[in-house]
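Colleague: I am new to this structure and would like a close look at one part of it, the way its helices pack. Please add whatever else helps to place that part in the chain.

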Amino acid sequence: MSTSLTASSGALATGPEPIAEAGPQSLCAREPYVPAERLVAEMVPPPRFDGVRFDTYNPDPNQPSQAQAVTTLSTFAAGLGGAHASGTAKRRWFSKKPAAPAGPRGVYLDGGYGVGKTHLLASLWHATPAAPEYKAFGTFVELTNLVGALGFQQTVQTLGGHRLLCIDEFELDDPGDTVLVSSLLRKLVESGVALAATSNTLPGKLGEGRFAAVDFLREIQGLSAHFRPLRIDGEDYRHRGLPEAPAPYSDEQVAKAAYATPGATLDDFPGLLAHLARVHPSRYSALTEDISAVCLTDVQAVPDQSTALRLVVLADRLYDREIPVLASGVPFDRLFSEEMLNGGYRKKYFRAISRLTALARDAKGLVSQ
């Protein structure tokens, strides 16, 4: 399976003489096409979390719930061995039906942003004793995109034979999508699929960057009995003991770094935001494929909420792929207005700021001192 992708030179018409063999690419020149079957095949932990395991998670010694989460999830993964929970022998190496597993067949990781929920969710996927084609991992957005591409019934058939479905950042701010995915999960539970999820905040649910488990269990409509809440306390690890992110650079520094870095892209930020409006978020992963760094000039506060939510998805895909982001303009903590940061999508915006800040820190070495 392949992705059709075109690219051209950087968005700036003029600039420094190329230092790399070719000038930088432009995200705005990329028009990825992603076939439906690729959406299924790519439901695995993203590259950033490909190598994580429970023993690589670094629990905060001041937060005992983190170490407890590792123990609980390790036990949960071990309990998913054996035949499919529906009673049908889905794997040829099991000759008889085992006893039905005790307790809920799902777990909900309840914690604020940056406490390592995705690390733990990916570790659960890796630790579950099943071949990769019988486990699925994706964000809520990727799951809804899959339903849109395959249709509801085909998605049920495709995922119904799986041992485990992990859903990262369950989007609870769109009632229609919440009902759709809740209906899908109900069908999958009936087929014996184990579930694991993290979630986002509902509109109007403010607080300290977390979504209460009781609210999550209420919103998934009838599935609460299948989930065991697992609370994970702590501060955002991306800023735990780390220096502040570097201040934005000049346009000239960003352009020079883009030309000097093979595989980098160079775009002006307003143009990129306009391009994101023309590319479906399900294709943002393909949009960022085979890129070594993203260089942006003239970063500005985003003008509206629709644009902001698209930028959140792009930030997630860049973070998944560990792509450094070098930028000029306003710092990333000024991307979103006070109204946005105090509104119903507050947690998404703080997560995007956190992740972009981490990627900006990673990009510091691209600039010549």
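Modeller: Helix 9 and helix 11 are roughly perpendicular to each other (angles under 35 degrees count as roughly parallel, over 145 as roughly antiparallel, 65 to 115 as roughly perpendicular and the rest as oblique). Helix 9 covers residues 269–276 and helix 11 residues 305–320; they pack at an angle of about 95°, with their axes 10 Å apart. The contact (heavy atoms within 4.5 Å) is made by Phe-269, Leu-272, Leu-273 and Leu-276 of helix 9 and by Thr-307, Arg-310, Leu-311 and Leu-314 of helix 11. By class, the contact of helix 9 with helix 11 has six nonpolar residues, one polar and one charged. Here Ala, Val, Leu, Ile, Met, Phe, Trp, Tyr, Cys and Pro count as nonpolar, Asp, Glu, Lys and Arg as charged, and the others, Gly among them, as polar.

This is a predicted model, in which local features need pLDDT of at least 70 and side-chain atom pairs count only at pLDDT 80 or more, while totals for chains, interfaces and linings use all residues. Residues are numbered from 1 along each chain as its sequence is written, and side-chain values use heavy atoms, with hydrogens and water left out.

Helices (H or I, at least four residues) and strands (E, at least two) are DSSP runs, numbered from the N terminus. Axes are lines fitted to C-alpha atoms, for helices over the stretch in contact, and angles run from 0 to 180 degrees between N-to-C directions.

One residue of that contact can be followed further. Thr-307 has its place in helix 11. At 8% relative accessibility, Thr-307 counts as buried, where buried means under 20% relative accessible area, exposed over 50%, and partly exposed in between (1.4 Å probe, protein chains only). Leaving aside residues up to four places away in sequence, Thr-307 touches Leu-273 and Val-302.

Helix 6 (residues 175–190) can be taken next, with helix 5 (residues 152–159): their axes come within 10 Å and cross at roughly 40°. Helix 5 and helix 6 are therefore oblique to each other. Helix 5 passes helix 6 in a right-handed crossing; a crossing is left-handed if the near helix is turned anticlockwise from the far one by less than a right angle, and right-handed if clockwise. On the helix 5 side the contact is made by Phe-152, Thr-155, Val-156 and Leu-159, and on the helix 6 side by Leu-180, Ser-183, Leu-184, Lys-187 and Leu-188. Sorted by class, the contact of helix 5 with helix 6 has six nonpolar, two polar and one charged residues.

Helix 4 (residues 140–150) also meets helix 6, with axes that come within 11 Å and cross at roughly 75°. That makes helix 4 roughly perpendicular to helix 6. Phe-140, Leu-143, Thr-144 and Val-147 of helix 4 make this contact with Asp-177, Thr-178, Leu-180, Val-181 and Leu-184 of helix 6. The residues of the contact of helix 4 with helix 6 divide into six nonpolar, two polar and one charged.

Helix 2 (residues 64–78) has 15 residues, which at 1.5 Å a residue should span 21 Å; its end C-alpha atoms are 22 Å apart, which agrees. The expected span is 1.5 Å times one less than the number of residues. The buried residues of helix 2 are Ser-65, Gln-66, Ala-69, Val-70, Thr-72, Leu-73, Phe-76 and Ala-77. They pack against strand 1 (106–111), helix 3 (117–127), strand 4 (194–199) and strand 5 (227–232). Among them, Gln-66 counts as buried at 0% relative accessibility. The C-alpha atoms of Gln-66 and Gly-111 are separated by 9.9 Å, with their positions 45 residues apart along the chain.

Helix 13 (residues 346–362) has 17 residues and should span 24 Å; its end C-alpha atoms are 25 Å apart, which agrees. Helix 13 is mostly covered, with 15 of its 17 residues buried.

Two residues outside the helices remain. Asp-290 lies in the loop between helix 10 (284–287) and strand 7 (293–299), and its phi is near 60°, a positive value in a residue other than glycine. At 65% relative accessibility, Asp-290 counts as exposed. Asp-298 is found in strand 7 and has a phi near 60°, again positive in a residue other than glycine. At 35% relative accessibility, Asp-298 counts as partly exposed.

For the whole protein chain, the secondary structure comes to 13 helices and eight strands. Buried residues make up 53% of its 369 residues.
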